Amino acid sequence: MPVINRIAEFHDDMKAWRQHLHAHPELLFETRETAKFVVERLREFGVDEIVEGMAENGVVAVIKGQGDGPVIGLRADMDALPIQEVRDLPYKSKHEGKMHACGHDGHTTMLLGAARYLAETRNFSGSVALIFQPAEEGGGGGRVMCEEGLMERFGITQVYGMHNWPGMEAGRIEMRPGPTMASADTFDIVVTGKGAHAAQPDRGIDPIAIGMQIGVAMQTIVSRNVDPIHAGVVSITKFHAGTAHNVIPEEAMLSGTVRTLDAGVRDRIEARLTELATSIASGMGGSAEVTYIRGYPVTVCDPASVDFAEEVANNLVGPENVSANREPEMGSEDFSYLLEERPGAYVYLGIGEAAGLHHPEYDFNDAVSPVGASYYAKLVETAQPINR
Ligand code: NI
């Protein structure tokens, strides 16, 4: 795989970092030891500034290039998942019930690799801000860092992120302009009726009958209320009610998730879901209370930044190993918050055949680490060349 030579020279170090991180996974905002490891490496590399403690255990490092210029942001996530690892790898998770099943150990390693190279060579103008964030897998560490003034504090003008992708050829880089990952919201609906003997339904108000109508009606939101050109998902994932064969209960509960690739569709689905639930319940003599919680927004890549990322990827791995026409994913990503604040691009890096993301047999492919690190480094050198 084509990479920057200097980065290839320390491939073994990157492997060692990655496997150390893999063996010591931490969840959500609790990436204390991971952050400590990152800071130790950054100190060895001689970066110019390290800020710890953003979003509890996030780290930002600044490397200055030669001469004045803008600040480009590069981001990696550091957190693991509450999954029990099943493979008996030599660097298997030492933390019961936790594992790096999404490859954030690889993401952190690739950004560290770029940091080492950039701190050594400084073949760029302006500065680079390396963002190591906690809590991507829920919790919104990226959102919290933005709320703590990430962009303003470091003067970041554009941001780039990356995710490894199992099942895609190792070292291949794909992306798309515009929406690339979905918004992810959750909802809970509590339907209240009136309990009764199951043999005397006329004396009660059946919340199960109401809940079933709501469930059926909700299936019409995407098919009847969303522009057919746009994507939307409404999935009911829980429906709980009742305790006995001969009792009509007082309450029924429905919960689920809503995914979209467009802020307008998201607003529309939230409004329709609430209207349908409350009006069907009241029409049938009961009531419904809807709690709609907005999660990560749509991850929207800036088209000009995607063009730029494509050019950098083409020069690195060759155009035959790059696509900028990837289909969007209905998964979600909290890099979306960074992209709401600054233009940038999010790319997928193939790791070859491997268990899927969030699977207990997943493992990052160390072979691609130099590709990811080289891509990050080339983004900086190409975006901010030295003024001669
Ligand atoms: Ni992930």
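**Exercise 1.** Is Ile-189 buried or exposed?

*Solution.* This is a predicted model, and the first step is to find the residue, which has its place in strand β8 (residues 183–192). The second step is to take its relative accessible area, which is 0%. Because buried means under 20% relative accessible area, Ile-189 is buried. The third step is to look at the surroundings: leaving aside neighbours within four places in sequence, Ile-189 is in contact with residues including Ile-214, Met-218, Leu-254, Leu-273 and Val-290. Finally, the C-alpha atoms of Ile-189 and Thr-278 are separated by 9.2 Å, although these residues stand 89 residues apart along the chain.

**Exercise 2.** Determine which residues coordinate the nickel ion, and where Cys-102 and His-163 lie.

*Solution.* Begin with the donor atoms, which are SG of Cys-102, NE2 of His-104 and NE2 of His-163, at 2.1 to 2.3 Å. Along the chain, these donors follow the spacing C-x1-H-x58-H. Next, place the pair: Cys-102 lies in the loop between β3 (71–77) and α4, while His-163 lies in strand β5 (residues 156–165), so the two tie together parts that are 61 residues apart in sequence. Lastly, check accessibility: Cys-102 counts as buried at 5%, and His-163 is buried with a relative accessible area of 4%.

**Exercise 3.** Describe how helix α2 packs with helix α4.

*Solution.* Start with the geometry: α2 (residues 11–23) and α4 (residues 104–121) pack at an angle of about 145°, with their axes 9 Å apart. The crossing of α2 past α4 is right-handed. Then consider the residues that meet, among them Trp-17 and Leu-21 in α2 and Met-110 and Leu-112 in α4. The residues of this contact divide into 5 nonpolar, 5 polar and 4 charged.

Terms used
Residues numbered from 1 in each chain as written. Predicted model: local features only at pLDDT ≥ 70, side-chain atom pairs only at ≥ 80, totals over all residues. Heavy atoms only, no water. Axes fitted to C-alpha atoms, helices over the stretch in contact; angles between N-to-C directions. Helix = DSSP H or I, 4+ residues; strand = E, 2+ residues; numbered from the N terminus. Left-handed = near helix turned anticlockwise from the far one by under 90°. Contact = heavy atoms within 4.5 Å. Nonpolar A, V, L, I, M, F, W, Y, C, P; charged D, E, K, R; others polar. Buried < 20%, exposed > 50% of the residue type's maximum accessible area, 1.4 Å probe, protein only. Donors = N, O, S within 2.8 Å, 3.2 Å for Na, K, Ca; no water.
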